[in-house]
Amino acid sequence: MKWNWGYGLAAFYTIFVGALVFQVWKSTQYDHALVSDHYYEDDINYQEHYDKLVNTRNLTTDLLILEDEDRQLVKLQFPDELGEPQGKVRLFCPSAGNRDVVVEVRTDNRGIQLVSTEDLKPGLWRIKVDWEAGGVPYYKEEVVQL
């Protein structure tokens, strides 16, 4: 059999189609999930989020987020000046959205809340605290390595 331009053209198109099929298959294996399921709503409500950050920055005593690896806890120390806080604590895993954990803010009489991390997989986590005290909203976010 003699190699001519017809065989070359057939080989080129076969390789080209094979490469396209491989790329399509590879793209179906990738998780295309956004960081947030409510991306557009979050973008519209950004001014409210910014106001919470400004309120948090103006506090005389900041919210302390401390991790205790030995006891597998995250300790949240809310400022005493605010009174009883209400809100949510979100433990956000950037690598997998299905691992996120949301906990209600429930402090003791000293303004301390302990959040267990023993069921969480090791890795990078963002602690997002969205709370309100005295009718004023606040927000703080911190990165921890569990």
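What percentage of the 146 residues of the chain count as buried? In this predicted model, the figure is 26%. The accessible surface of the chain comes to about 10900 Å², and carbon and sulfur atoms account for 54% of that area.

The overall build can be read from the order of its elements. The chain holds 3 helices and 7 strands, and from the N terminus on they follow the pattern α-α-α-β-β-β-β-β-β-β. The radius of gyration is 25 Å, well over the 15 Å that the globule rule gives for 146 residues, so the chain is more spread out than a compact globule. Along its principal axes, the C-alpha trace spans about 90 × 40 × 20 Å. As for links along the sequence, contacts between residues at least 6 apart were considered, and 53% of these join residues at least 24 apart.

A closer look at the strands reveals an open sheet. It is formed by 4 strands in the order 4-3-6-7, with antiparallel pairing. Strand 4 (101-104) and strand 7 (136-145) stand at the edges; each has a single partner strand, so one side of each is left without a neighbour in the sheet. On average, neighbouring strands of this sheet are turned by 15° against each other, direction ignored.

The partner of strand 7 deserves a mention too. Strand 6 (residues 124-133) pairs with strand 7 in the antiparallel sense over 10 bridges, and Leu124 has Gln145 in strand 7 as its bridge partner. Helix 3 (residues 46-57) packs on the sheet, where it touches strand 6 and strand 7. The direction of helix 3 makes about 85° with that of strand 7.

Note on methods
Residues numbered from 1 in each chain as written. Predicted model: local features only at pLDDT ≥ 70, side-chain atom pairs only at ≥ 80, totals over all residues. Heavy atoms only, no water. Pairing = 2+ DSSP bridges. Helix = DSSP H or I, 4+ residues; strand = E, 2+ residues; numbered from the N terminus. Axes fitted to C-alpha atoms, helices over the stretch in contact; angles between N-to-C directions. Contact = heavy atoms within 4.5 Å. Rg over C-alpha atoms; globule rule 2.2 N^0.38 Å. Buried < 20%, exposed > 50% of the residue type's maximum accessible area, 1.4 Å probe, protein only. Areas by Shrake-Rupley, 256 points an atom, 1.4 Å probe, with all protein chains shown as cover.
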